[in-house]
Amino acid sequence: MSVPCFLSSAARSFGLPCPVAGLLCSRLLVPSPITRQMDHLERTASNSRQNAVYPAQVCGMINESETVKRLRIAVHPDFSFKAGQWVDLFIPGVEKVGGFSMCSSPGLLQQEGVIELAVKYTKHPPAHWIHTTCAVGSRVAMRVGGDFFFDPSPSDPSVDLLLVAGGVGINPLYSILLHTRDLLQLNRTSGGRDYNIGSAHLCYSAKNTHELLFKSSIIEACREFPDNFSCDFHVTQQSTDVDLHLQPFINRGRITEEELRAHVDPQRTLCYLCGPPPMIEAISKTLMDFGLPKDRIVFEKWW
């Protein structure tokens, strides 16, 4: 497959071949001697990464919420990822490298050649660039990494997923949920049971319903596959009435031990957690107290 001209020119803007093998420059990985908060590359230095850095171009942007922008990015034909993984985002003119989880499924990449990122506003240079400078047509480069993913094979035994998200920690879990839905649709269209998909329950907590990202499509997936998908949304600082169509799914307050216990089977449950570190630590301990083995609890803390 030929490389689109905008991808070739994006590679030239970085002075790199297309695709690019290896690191952009060694100085990006050298910690500063000044005491400071670790950046994305340092935090994820021990994580698996692909070798290639691929040019890409922003081809769509929307406001997912008042504080979150959702980008659609056209990528190189050789680009690939697993549901739950993230990208190193290299931005021309921005020294810091961003780290953002994909919030789209591998199926969307296969069908349309794009991925999606949902990025919350912060003053960290990559996120600040996305909210203040990025536009349709902006060129970037990306490298896939991460050991937090769900990528079952048809021969794998069935598992029940418990997905627990806090805030923008929903991004990789939404990718996993979409991928699971894609596999169920594949089973349906093939007339067989190609993938052994069990159930998936999502516990998702945010400040208010406006900050519950992707809520409409999550509810839609639950309605499409009611025997497989379920969800509970939690809001901790809701100051207005909840829309009628959301009320059946909304709980006020934090995720409870009782809710978690109802969805834990030590023999079948595989739990993915993504959110603030204190939340991950508390929920991990609770799950292990319920008898869920440590190797069946997968989490991201670096974000």
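**Reading the strands and sheets**

Student: In which sense do strand β8 (residues 159-166) and strand β12 (residues 269-274) run, and how many bridges join them?

Tutor: Strands of a sheet pair through backbone hydrogen bonds, and the pairing may be parallel or antiparallel. Here β8 and β12 run parallel and are joined by six bridges, one of which sets L162 opposite C271 of β12. Strands are DSSP runs of E with at least two residues, helices are runs of H or I with at least four, and both are numbered from the N terminus; two strands count as paired if DSSP finds at least two bridges between them. The model is a predicted one, in which local features need pLDDT of at least 70 and side-chain atom pairs pLDDT 80 or more, while totals for chains, interfaces and linings use all residues. Residues are numbered from 1 along each chain as its sequence is written, and side-chain values use heavy atoms, with hydrogens and water left out.

Student: What is the strand order in the open sheet, and which strands stand at its edges?

Tutor: The order of this six-stranded sheet, with parallel pairing, is β11-β10-β9-β8-β12-β13. The edges are β11 (250-252) and β13 (297-300), and since each has a single partner strand, one side of each is left without a neighbour in the sheet. On average, neighbouring strands of this sheet are turned by 15° against each other, direction ignored. Axes are lines fitted to C-alpha atoms, for helices over the stretch in contact, with angles running from 0 to 180 degrees between N-to-C directions.

Student: Which strands does helix α6 (residues 215-224) lie across?

Tutor: Helix α6 lies across β9 (197-206) and β10 (229-235), and its direction is at about 150° to that of β10.

Student: Where do we find an antiparallel pair, and why is β6 described as largely enclosed?

Tutor: Strand β3 (residues 68-75) pairs with β6 in the antiparallel sense over seven bridges, and K69 stands opposite V119 in β6. Because six of the seven residues of β6 (residues 114-120) are buried, the strand is largely enclosed by the rest of the structure. Buried means under 20% relative accessible area, exposed over 50% and partly exposed in between, with a 1.4 Å probe and protein chains only.

Student: How many helices and strands does the protein chain have, and what share of its residues is buried?

Tutor: The chain has eight helices and 13 strands, and buried residues make up 52% of its 303 residues. Taking contacts (heavy atoms within 4.5 Å) between residues at least 6 apart in sequence, 74% join residues at least 24 apart.
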